[in-house]
Amino acid sequence: MVELVPTLLRQELARLAEDDLRLDGRGRWEGREVTLETDCLYNAEGSAKVVMGDTIVYAGVKFELRTPWPDRPAQGSLMCGAELRPVAHRKYEPGPPSPQSIELGRVVDRGIRESGCIDMESLCIVPGEKVWGVMIDIHVLSDGGNIFDACGLAAIAALRTAVVPAKRFDVGEDYTLKVNGTPIMSSFTRVGGRYIYDPSEEEELGGDERIHITLGDEGHLHSLQKGLRGVFTPAEFAEIFEVAHLRCTELRKLVANQEGN
Amino acid sequence: MGGYGDVQLLRDDGLRLDGRKIDEMRPVAIEAGVLPAADGSAMVTHGLNVAVAAVYGPMEAHPRKIQRQDRAVIDVRYNMAPFSTSDRIRPGYNRRSREISKVTAEALESVVLVERYPRSKIRVEIEILAAEAGTRCVGITAAAVALADAGIPMRDLIVGVASGKVEDTVVLDLDKAEDNYGQADLPVGILPNTGEIAFLQMDGDLSPDEFNLAMEYNFKAAAEIHEIMVDALKRRYEGGEN
Amino acid sequence: MSNGQNGAELRLVTPGMAIGPVAGKRVGSGAIAQNDTIIATRLGWTKEFNNTVSVDPINSAYMPRSGDLIVAVVAEVRNNLWFMNINGPFQGLLPMSLAPWKVEFGAARQHMGIGDVVLARVQEVDECHNVVLTMKGVGLRRLNQGTVVNVPINHIDRLRGEGNATVQRLRDASDSRIIIGENGRVWIDGDAEGTAWARQAVALTQASGHKTTFEAELSALEQNAPKKGDA
C-alpha cells in the first residue's frame with residue numbers, strides 16, 4: 001500500500017529544518033531511546049528484542065546441519081533474512097516477501113557477513129560433509145520508523161548470544177558461538193532537505209532518500225546502502241559518516257553492557 | 001497425536017513431568033496495547049508460548065471480491081516465526097497455518113458485531129514468537145484482547161484453551177511433551193460470559209466421558225484466563241475515568 | 001443508581017460483561033440487551049443518562065456522521081471529483097459541485113492535488129459507508145499552511161473541553177490557530193515555537209487524556225508556554 005503524504009507534513013518538515021529542529025524535539029543527530037533485551041525467545045538458539053521509540057523488532061538465531069557448497073568444502077554458512085509482515089504496520093500487505101523485506105534482510109546480512117565476525121571455517125564439522133548453517137531471522141512487530149537500525153542491532157545482539165545446539169544434532173556438546181566483533185548499522189534519512197539520524201515514522205513518511213552505514217569495531221565500513229528516490233553529495237556523506245562513527249560506538253556499548261549483565 | 005506408550009508423562013506421585021496437577025494450567029500473563037503501530041494489540045505468554053496479536057481496522061475491504069455488503073470480514077493471519085520452534089520454520093504460509101487462520105477468523109466473526117461495518121475488513125495478525133504446544137489457543141486469546149483493545153464491538157471475548165489425554169488420563173493444557181506423546185488434544189475457544197463455544201478442534205482418541213471431563217477442565221481454565229484478560233485490558237487504562 | 005439519572009458510578013467494562021438488568025432502561029451505544037441483561041460490547045466506561053445505559057469506548061475508529069467538521073487529505077483526483085482520506089474505514093468523495101470553486105470538468109487537479117489538506121464537512125453518509133463531503137460553507141477551505149496532528153477519537157471532547165475552554169487555552173498559550181476535526185485530526189497553525197508547544201499539549205492529551213491527573217499536567221505545561229507572559 002502506498003502511503004499518502006500530506007503536503008502540509010513536507011512543508012512542516014522543511015520549515016523545522018530551517019531552524020534545525022525536529023518534529024519530536026530531538027537534535028539532528030540524536031537517536032531515540034533504545035532498549036535491548038537478549039535471550040528472550042524460548043526455542044531460538046540466540047535471540048534479541050530491540051525497542052527504538054515506537055519500533056519493535058525481534059531476532060532469533062537457528063542452526064541446521066547441512067552439506068557444504070562444493071567450492072567451499074570447509075566452510076559453514078550464514079544467512080540473515082527479514083520479514084516485514086502485515087503485523088508491523090497498516091501499510092504492509094500479506095503476500096510473498098516484498099522488495100523492501102528482501103532489501104532489509106540483505107543489508108543487515110551484508111553488514112554482519114562482511115565484517116567477518118563469523119569465521120565460516122569454524123562452522124565446519126566434517127570437511128566436505130557436514131557444516132553448520134546459521135540463520136538469523138528478523139521479525140518486525142511494529143514499524144515506528146528506522147527499522148533498519150533496529151533490525152541490524154537485534155540481529156547482531158542475537159547472534160552474539162547464540163549457543164550452538166550440537167547436542168541436539170548429535171555432534172558433541174553445546175557451545176557458545178564464537179563471534180569476533182559487533183558490526184552496527186546507522187541510518188540517515190533526508191528530511192526537510194537535510195539528513196537526520198534515526199528517523200521517526202512521520203519523518204520517514206515526509207522524507208526522501210536514506211543511507212545505511214554499517215561499521216565494524218575498528219570503524220571500517222562493511223556495508224552501505226542508499227535507498228529510495230533522491231541524490232546526495234560527497235560532502236553530505238562525509239558529514240553523516242562522521243556521525244555514524246559516534247552512534248555506532250554508542251550502540252556497540254549498549255550490546256556490550258547487555259552482555260555484561 | 002504422536003506415538004504413545006513409550007514415554008512416561010505422569011510421575012509416580014500422580015503429577016505431570018513439569019510438576020503440574022492434572023487439572024492445572026501453565027502460568028498465563030497478558031499485556032494489552034504492546035504494539036504502537038497497531039490499532040489494538042496484545043501479547044500473551046502461556047507457559048513458554050509467546051503470541052502477539054495486532055488489529056488494524058475496520059478499513060475498506062480490498063480486493064472488492066472479498067467485500068460483504070451486509071457485514072465486515074475478519075481477515076486473520078496466524079503465523080509462526082521462523083525461530084519459534086526447535087526446528088526452523090521456512091517463512092511463508094503453509095497448510096497448517098492457513099487452516100488455523102480460517103477457523104480462527106470464523107470464531108472471531110462469531111463474537112465481533114460484524115454487521116456494524118458493511119463492506120469493511122478487520123485485519124487480525126497473530127504472530128507466534130515462541131511455541132510450546134497450544135499456540136492456536138494462545139493466538140485466539142491474544143486476538144480477542146487485541147480486538148477489544150482496538151475498540152471493536154464484540155458480544156463477548158473468546159478464550160482459547162485446550163485439554164487432552166496422556167497415559168489414559170485427561171489433563172488440562174498440554175505442554176510440548178504431552179502434545180507430542182499424548183493420546184488426544186481438544187482445543188476450544190470459549191465465550192467466557194455466555195459459556196458458548198466458537199472454536200472447536202480435536203484429534204486423537206477420547207471416550208464420551210473423557211470428552212466431558214476435558215471440556216469441564218477447559219471451562220475452568222477459560223474462567224481463569226478470562227480474569228487475566230479483563231485485568232490486562234483494565235490495566236491499560238488505569239489512572240482515572242476517561 | 002438510586003436517583004435513576006446520572007448518579008450511576010462510572011465503571012470500566014470489557015466486551016461481554018454484564019452491566020445490569022434491562023429493567024425498563026434503554027440500551028445505548030456500546031451495549032446490547034441479551035436475556036434481560038445489558039451487556040457491554042466494547043471496552044470502555046459505562047454511562048447512564050436519561051434512562052439510557054451505554055458504554056463510552058476507550059478506543060474507536062472514526063465513523064463519519066453528517067455535519068462533522070473534518071480535516072481530510074486528497075487521496076485521488078478524477079476529472080470531476082476528489083477522493084479524500086478522512087481517517088476512517090472508507091474514503092470520502094468530494095464532487096466538483098460541492099467544491100468551493102467553480103470547477104470546469106477535467107480541471108479538478110488544478111484546484112487540489114494528491115496530499116493537499118482541506119477542512120471539509122460531511123454532507124451525508126449512507127448505511128453502506130458511502131461518504132459525501134462538502135467544502136461549501138463558512139471557513140471550509142484548502143489548508144495551505146500549518147500542521148496536522150492525530151488524536152484518538154475518544155480524546156476529542158477532552159481536548160475541546162467544556163464549551164471549548166481547553167482548546168481555547170491551547171490557542172492562547174501557543175498563539176496559534178487550532179481547529180479540531182471530528183475525525184481525530186487537529187490542525188495547528190502558528191509560529192515554530194507555538195506549534196511545537198501545541199503539539200506537546202496535544203500529545204499530552206493522547207498520553208494522559210484519560211487520567212485524572214490530566215488537568216494538573218496541562219497546567220504545568222502551560223507554565224512553559226511560549227506566550228505565557230502575554231496572557
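In strand β5 of chain B, B:I126 stands opposite B:Y78, a residue of a predicted model. The two strands concerned, β4 (residues 73–80) of chain B and β5(B), run parallel and are joined by eight bridges. Strand β5 (residues 120–130) of chain B is mostly covered, with 11 of its 11 residues buried. The points below take up chain B, chain A, the shared core, the contacts between chains, and chain C.

**Strand β5 of chain B**

- On β5(B), pairing with strand β3 (residues 49–60) of chain B is antiparallel and extends over nine bridges.
- Within that antiparallel pairing, B:A130 in β5(B) has B:V50 opposite it.
- β5(B) thus has a parallel pairing with β4 of chain B and an antiparallel pairing with β3 of chain B.

**Strand β2 of chain A and its partners**

- Strand β2 (residues 46–52) of chain A is mostly covered: seven of its seven residues are buried.
- A:G46, A:A48, A:V50 and A:M52 point one way from β2(A), while A:S47, A:K49 and A:V51 point the other way. Residues on both faces are buried, A:K49 among them.
- Strand β1 (residues 34–38) of chain A pairs with β2(A) through five bridges in the antiparallel sense. In this pairing A:V51 in β2(A) is opposite A:T35.
- β2(A) is also joined to β3(A) by seven bridges, and these strands run antiparallel. The bridge partner of A:M52 in β3(A) is A:T55.
- β2(A) and β3(A) form a hairpin with two residues between them. In the turn, A:G53 has a positive phi of about 60°.

**The largest nonpolar core**

- The largest nonpolar core holds 200 residues. Those that touch the most other members are A:V57, A:C151, A:A154, A:A155, B:A142, B:L147 and B:I158.
- Helix α3 (residues 147–160) of chain A gives the largest share of this core, 11 residues.
- Leaving out residues up to four places away in sequence, A:V57 touches A:V50, A:I138, A:V140, A:L141, A:I147, A:A150, A:C151 and A:A154. One of these contacts, A:V50, is a buried residue of β2(A).
- In soluble globular proteins, nonpolar side chains tend to be buried together.

**Contacts between chains**

- Chain A places 27 residues in contact with 24 residues of chain B. Elements giving two or more residues to this side of chain A are β3 (55–66), β4 (77–83) and β6 (130–142) of chain A.
- The side of chain A that touches chain B comprises 11 nonpolar, eight polar and eight charged residues.
- Between chains C and B, 26 residues of chain C are in contact with 31 residues of chain B. By class, this side of chain C has 14 nonpolar, nine polar and three charged residues.

**Overall organisation of chain C**

- Chain C has five helices and 16 strands, and its C-alpha trace spans about 60 × 50 × 25 Å along its principal axes.
- Of the 231 residues of chain C, 40% count as buried.
- Among contacts in chain C with a separation of 6 or more, 56% involve residues 24 or more positions apart.
- The domain assignment gives chain C domain 1 (12–57), domain 2 (69–143) and domain 3 (147–230). The C-alpha centres of domain 1 and domain 2 of chain C lie 36 Å apart.

**A three-strand sheet in chain C**

- Three strands of chain C form an open sheet in the order β2-β5-β4, with antiparallel pairing.
- Strands β2 (18–21) and β4 (31–34) of chain C are the edge strands, each pairing on one side only. From one strand to the next, the twist averages 25°.
- β4(C) and strand β5 (residues 37–40) of chain C run antiparallel and are joined by four bridges. C:I39 in β5(C) is opposite C:I32.

**The surroundings of C:M84**

- C:M84 lies in strand β9 (residues 81–85) of chain C. C:M84 counts as buried because 26 other C-beta atoms lie within 10 Å.
- Leaving aside neighbours within four places in sequence, C:M84 is in contact with C:A72, C:V73, C:V74, C:A75, C:Q91, C:G92, C:L94, C:A120 and C:L133.
- C:M84 and C:V53 are 31 residues apart in sequence and 35 Å apart in space, C-alpha to C-alpha.

Notes: Residues are numbered from 1 along each chain as its sequence is written. Chains are lettered from A and ligands numbered from 1 in the order in which they are written. This is a predicted model: local features need pLDDT of at least 70, side-chain atom pairs count only at pLDDT 80 or more; totals for chains, interfaces and linings use all residues. Two strands pair if DSSP finds at least two bridges between them. Axes are lines fitted to C-alpha atoms, for helices over the stretch in contact, and angles run from 0 to 180 degrees between N-to-C directions. Two residues are in contact if their C-beta atoms, placed from the backbone, lie within 7 Å. Ala, Val, Leu, Ile, Met, Phe, Trp, Tyr, Cys and Pro count as nonpolar, Asp, Glu, Lys and Arg as charged, and the others, Gly among them, as polar. A nonpolar core is a set of buried Ala, Val, Leu, Ile, Met, Phe, Trp, Tyr and Cys residues joined through C-beta atoms within 7 Å. A residue is buried if 20 or more other C-beta atoms lie within 10 Å of its own, exposed if 12 or fewer, and partly exposed in between; C-beta atoms are placed from the backbone. Domain bounds come from an automatic or database domain assignment.
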